[in-house]
Amino acid sequence: MALLDVNGLEIFYGDLQAVFDMNFTVADGEAVALVGANGAGKSTFLKALVGLNEERRGAVLFDGIDISQMPAEQVSRLGLIMVPEGRLLFDSLTIEENLLMGTVNRRKGSWTLRRVFDLFPILEERRRIFPGQLSGGQQQMAAIGRALMSNPRLLLCDEISLGLAPVVVEQIYRSFADIRREGTAVVLVEQDVKRALATSERIYCLLKGRVSLTGPAQGLQPEQLTHAYFGN
Amino acid sequence: MIWVETLINGALLGGLYALLGIGLALVFGVMRVVNIAHGEFMVLSAFCAVLLSSLFPQVPPLLMLIPVIALSFAVGWLYQAVIVNRVVTSPDPLSPLLLTFGVSVILRNVMVEVFGADVRSLQVGELSRASLEIAGLNIGIMPLLTLVLAALLFMALQLVLRHTEFGRIVRATADRRDIVRLSGVKPDRVYNYVMGLSLALGAIGGVLLAVRSSFTPFSGAERLLIAFEVVVLGGLGSFWGALLGGIALGMAQLIGLKIDPNAGLLYAHLLFFIMLLIRPSGLVSSRV
């Protein structure tokens, strides 16, 4: 059975429909890339999964539990954790306090402050500093670290490379090897399609709120992807 | 020498004023809501203390603070859960203002109905007149105790907010109400505790003020005005600013009374007005 099983999900923004009849699965420990042009509905989809967008219809099973209408704070306790787009750290909390916020949902597991600091040593150096004084890359590490502190079973990463220098992106993506070693499944929403494909086993492409392509990440024909990404 | 005494007494009175403001500052800092009914809740807590001490005349009146604080916490929790949470995320900032204003009107009239419109005060006997003589200065015991209590409460609040998980959750919720949900926090629940805490702190101020000066069911507006001036003078959302703001107001009031015995709170209001003109961001400008 899949860890996440989405069947016929429809998501709305007031009178507008943003996502149509979405089918989406993630197996335990799997890495899945979700790509698509701006406004294709990727972020909306992730927000609906974790319960931040309440206008949704359809079946969403996480680990066999129906989360289709579950509020965000309960979804979090099941181990479906999102790294939100734009980092969105807590500005009046230090980096260490930001990381500790990940422990509020009381999920047990192998991720601790110590292990997050081992993964991103710069955060230990900056632990007493507020997010505003950090570089974008360090903020992104803190946001990922905060999510890891919740010991996720499925980690949803929304545009984690956006606006960062290539060297930093490289460093962050290298950390995924460590994260996945724990058996954590990952969904990567990315603008950088090449990077997403290289890190994932399977891919979904969204076009105007519908899945336009899905399949293994390797061996994909470039023209096939271009077509799915931009439409005609 | 008489002026030094006036300044010291002003500072002591300021501790009490700071207590009136801190609850308002806490709620505003965390949920960006101005609780217009804060003054009425303070008066309500004073009525409760008077009622309790008439029921149990053998217990020292100041001990009534303990049940009144507990009761106020519960009332604040319920007030937030049942009423204020409905509008706290409203995109229109007028909604929470109107709602809490409505609550203040209702509370005022309920208090007239239940307790009558008579002037009351909380009698603590000898304690209200007792004073210390230090270096030729006459310092009231009660105001001194009040300032010490205010300072201790401010420190305790700061400790809780800075160094406990509850404090982290409160600050994080103030920063990003949506994102804390991703960590398993229910923002509405956090607000309930914060409002409970706010009214509990307000109750301490309300009861101690009832010892110093008399009150009626209509005293809420005056108390809210002081609380509001303390908060704005100190800098919105800043706790230490609120303490400074309270002390500045207390000193202005007593100096004013020295110059003109009929002035009442006029000089405190004037100080507030002038500060608003020259330094609208307050004495200390920082958040929670």
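Which residue in E5(A) does A:Leu61 stand opposite? Keep that in mind while you work through these exercises.

**Before you start**

This is a predicted model, in which local features need pLDDT of at least 70, side-chain atom pairs count only at pLDDT 80 or more, and totals for chains, interfaces and linings use all residues. Residues are numbered from 1 along each chain as its sequence is written, while chains are lettered from A and ligands numbered from 1 in the order in which they are written.

**Exercise 1. Find the partner of A:Leu61 and place it in its sheet.**

Step 1. Start with the elements: helices (H or I, at least four residues) and strands (E, at least two) are DSSP runs, numbered from the N terminus. Chain A has nine helices and ten strands.

Step 2. Look for the open sheet of four strands, ordered E2-E1-E4-E5 in chain A, with antiparallel pairing. Two strands pair if DSSP finds at least two bridges between them.

Step 3. Go to the edges. Strand E2 (16-26) and strand E5 (65-66) of chain A each pair on one side only.

Step 4. Strand E4 (residues 56-62) of chain A is joined to E5(A) by two bridges, and the two run antiparallel. The residue in E5(A) opposite A:Leu61 is A:Asp66.

**Exercise 2. Compare the surroundings of A:Asp21 and A:Glu159, using their C-beta neighbours.**

Step 1. Fix the cut-offs: a residue is buried if 20 or more other C-beta atoms lie within 10 Å of its own, exposed if 12 or fewer, and partly exposed in between, with C-beta atoms placed from the backbone.

Step 2. A:Asp21 is found in strand E2 of chain A. This residue counts as exposed because 12 C-beta neighbours lie inside 10 Å. Its phi is near 40 degrees, a positive value in a residue other than glycine.

Step 3. A:Glu159 sits in the loop between strand E7 (154-158) and helix H7 (166-181) of chain A. With 21 other C-beta atoms within 10 Å, A:Glu159 is buried. Phi of A:Glu159 is near 50 degrees, again positive in a residue other than glycine.

**Exercise 3. Describe the overall form of chain A.**

Step 1. Take the radius of gyration over C-alpha atoms, and the globule rule as 2.2 Å times the number of residues to the power 0.38. The radius for chain A is 17 Å, close to the 17 Å from the rule for 232 residues, so chain A is as compact as a globular protein of that length.

Step 2. Its C-alpha atoms fill a box of roughly 50 × 35 × 35 Å along the principal axes. Of the 232 residues, 44% count as buried.

**Exercise 4. Say which residues B:Leu99 touches, and whether it is buried or exposed.**

Step 1. B:Leu99 belongs to helix H4 (residues 94-115) of chain B.

Step 2. Two residues are in contact if their C-beta atoms, placed from the backbone, lie within 7 Å. Leaving aside neighbours within four places in sequence, B:Leu99 is in contact with B:Ile83, B:Val84 and B:Val87.

Step 3. B:Leu99 is buried, with 20 other C-beta atoms within 10 Å.

**Exercise 5. Count the residues that each chain brings to the contact.**

Step 1. Chain A gives 21 residues and chain B gives 17 residues.

Step 2. On the side of chain A that touches chain B, helix H2 (72-78), strand E6 (80-83) and helix H3 (95-101) of chain A each supply at least two residues. H2(A) gives the most, with four residues.
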